[in-house]
Amino acid sequence: MSKTRFFRILTTLPMSSSSSSTSWSCNKCTFLNSPSQKLNCMICLTPVSLPSSSSPSLAISTNDEAKWACKACTFLNTYKNSICDVCGTRSSASSLLGFDELTDSGLDSSNPDSSVGSVFFPLRRCSNKRKAMDDDVVEVDGGSVVRSESQGVVKKKNKEIETKGEASESGTPLSSLKILSYNVWFREDLELNLRMRAIGQIIQLHSPHLICFQEVTPAIYNIFRKSNWWKGYSCSVSVDVADSGAYYCMLLSKLGVKSFSSKSFRNSIMGRELSIAEVEVPGRKPLVFATSHLESPSPGPPKWDQMFSRERVEQAKEAIEILGAHTNVIFGGDMNWDDKLDGKFPLLDKWVDAWEVLKPGDIGFTYDTKANPMLSGNRALQKRLDRILCRLDDYKLGGIEMVGKEAIPEISHVKEKKVRGDIKKLELPVLPSDHFGLLLTLSPK
């Protein structure tokens, strides 16, 4: 439906204070239609679902779900929809609120939730990568994909995986193994090319064997794919799947890949999932590494208490349970974890948090408005959102460090901030991401 028609309808809608008791709610867009509107929804034209009594069904509106506001018509859509249900407008990932919007002026001082301002605003749902729905074997990108009935995992067959890079071609046992986990920040209007080039320089400097990326957008994917360092890695996301979603997680491996797979979390309304890779380590035991972007706290309209702690904890437990079937596992990602809100990360026996083991006494904030000068104009926030968790029988932890803490030389951006009613312009440096990355080193036992 065109926007012109939508707004013309809005100007002719009857206003009634008793609509909540006599109207019926559309199953698709939740608009409250008048009793005289018996065949189709006045807004989205969805046919009425008629029960046996032949009267309009009184659908229950999902007002308790987290929603994102369409910038064209302001309709509140659920995260299950990436396109506005009313006017059809698609909201790009970069247009959504992020940490950069958490300024002192961006929050209502009357908000009763004291934790608001210490968490994420709503994010777009991740791409739902192409799944096998009806058949056990389907064709994706010219290769076979197998669906596991037990856990709903989508997995490429071993022989279809193209492995690249020196490490996968050499039979020389590796003396150490490097794993990088990095939320690359989906904001595309802030020096995107320069930021992604800086992340590429970090990769070239440290040459990680395995990479866990979060918040990769189609534009970021295409920048990476054209970079020189890309040629040495196998990727869990194919070209056509990369262009199909707003943002997603991605795995890269220099080692020989046995399989890539993904598992959607049972309770996610933001499309979050667990991405898994099984790799062969030359001269060593096989290794599984995985990444995820757990459910984000979303203290925004229509409800300011959408923290999603319960969902996040359940996703963490589900991921650890799935990965625990393997003897050597690395799980790195943006966990959105808040120890005060979520409690201690639910690790099972033999699992450890690499930062806690290797950096005792160091809190390790990976999102830090004090340490990251690019975020100094934001509301104060320090969290250890990003973590690398390990379950290792045949490897031992070597060292861990943060990367991406240096500003890109000779580059700055201007941020407007409202202070006591006045708009001030702040010139701030640009870093590769709003998060710091984590680089872990393993060695065989």
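**Close-up views of charged and aromatic side-chain pairs**

**View 1. Arg187 and its partner Asp189.** Arg187 is a buried residue, its relative accessible area being 18%, which falls under the 20% limit that defines the buried class. In this predicted model, the side chain of Arg187 meets that of Asp189 in a salt bridge, with 2.7 Å from N to O. Asp189, by contrast, has a relative accessibility of 52% and counts as exposed, so the bridge between Asp189 and Arg187 joins an exposed residue to a buried one. A search of the whole structure returns 14 salt bridges.

**View 2. The salt bridge of Glu311 and Arg310.** In this pair the closest N and O atoms of Arg310 and Glu311 lie 3.1 Å apart. The acidic residue, Glu311, is buried at 14% relative accessibility, whereas Arg310 reaches 54% and is counted as exposed.

**View 3. Asp339 and Arg387, within a network of charged residues.** A salt bridge connects Asp339 with Arg387, whose closest N and O atoms are separated by 2.8 Å. The two residues belong to distant parts of the chain, 48 residues apart, with Asp339 in helix H8 (residues 339-342) and Arg387 in strand E19 (residues 386-392). Asp339 is partly exposed, at 39% relative accessibility, while Arg387 is buried, at 1%. Both residues are members of a network of salt bridges that also links Lys344, Asp353, Glu356 and Arg384. Side chains of opposite charge can pair when their charged atoms come close.

**View 4. The aromatic pair of Phe186 and Tyr247.** The structure contains seven aromatic pairs. One of them, formed by Phe186 and Tyr247, is edge-to-face, with 5.0 Å from centre to centre and an angle of 65° between the planes. Because Phe186 lies in the loop between strand E8 (177-183) and helix H4 (192-206), and Tyr247 in the loop between helix H6 (239-242) and strand E11 (248-253), the pair ties together parts that are 61 residues apart in sequence. Both rings belong to buried residues, Phe186 having a relative accessibility of 4% and Tyr247 one of 0%.

**View 5. Trp229 and Tyr233, within a cluster of rings.** Trp229 and Tyr233 also form an edge-to-face aromatic pair, in which the centres are 5.9 Å apart and the planes make an angle of 80°. Trp229 is buried, with a relative accessible area of 9%, and Tyr233 is likewise buried, with a value of 2%. Ring pairs join these two residues with Phe213, Tyr221, Phe224 and Trp230 in a cluster.

**View 6. Lysines over aromatic faces.** Two placements of a lysine over a ring are shown here, one involving Trp355 and the other involving Phe436. Lys359 lies over the face of Trp355, at a distance of 5.9 Å from the ring centre, and Lys405 lies over the face of Phe436, at 5.5 Å from the centre of that ring.

**View 7. The whole protein, as context for the close-ups.** The secondary structure comprises nine helices and 23 strands, and 53% of the 445 residues of the protein count as buried. Among contacts with a separation of 6 or more, 68% are made by residues 24 or more positions apart. The exposed area of the protein is about 20,400 Å², of which carbon and sulfur atoms supply 49%.

Key. Residues are numbered from 1 along each chain as its sequence is written. This is a predicted model: local features need pLDDT of at least 70, side-chain atom pairs count only at pLDDT 80 or more; totals for chains, interfaces and linings use all residues. Side-chain values use heavy atoms; hydrogens and water are left out. A salt bridge is a side-chain nitrogen of Lys or Arg within 4 Å of a carboxyl oxygen of Asp or Glu. Buried means under 20% relative accessible area, exposed over 50%, partly exposed in between (1.4 Å probe, protein chains only). Helices (H or I, at least four residues) and strands (E, at least two) are DSSP runs, numbered from the N terminus. Rings of Phe, Tyr and Trp (its six-membered ring) pair if their centres lie within 6.5 Å; planes under 30 degrees apart count as stacked, over 60 as edge-to-face and the rest as tilted. A charge sits over a ring if NZ of Lys or CZ of Arg is within 6 Å of the ring centre and within 35 degrees of the ring normal. Contact means heavy atoms within 4.5 Å. Accessible areas come from the Shrake-Rupley method with a 1.4 Å probe; for residues, only the protein chains shown count as cover.
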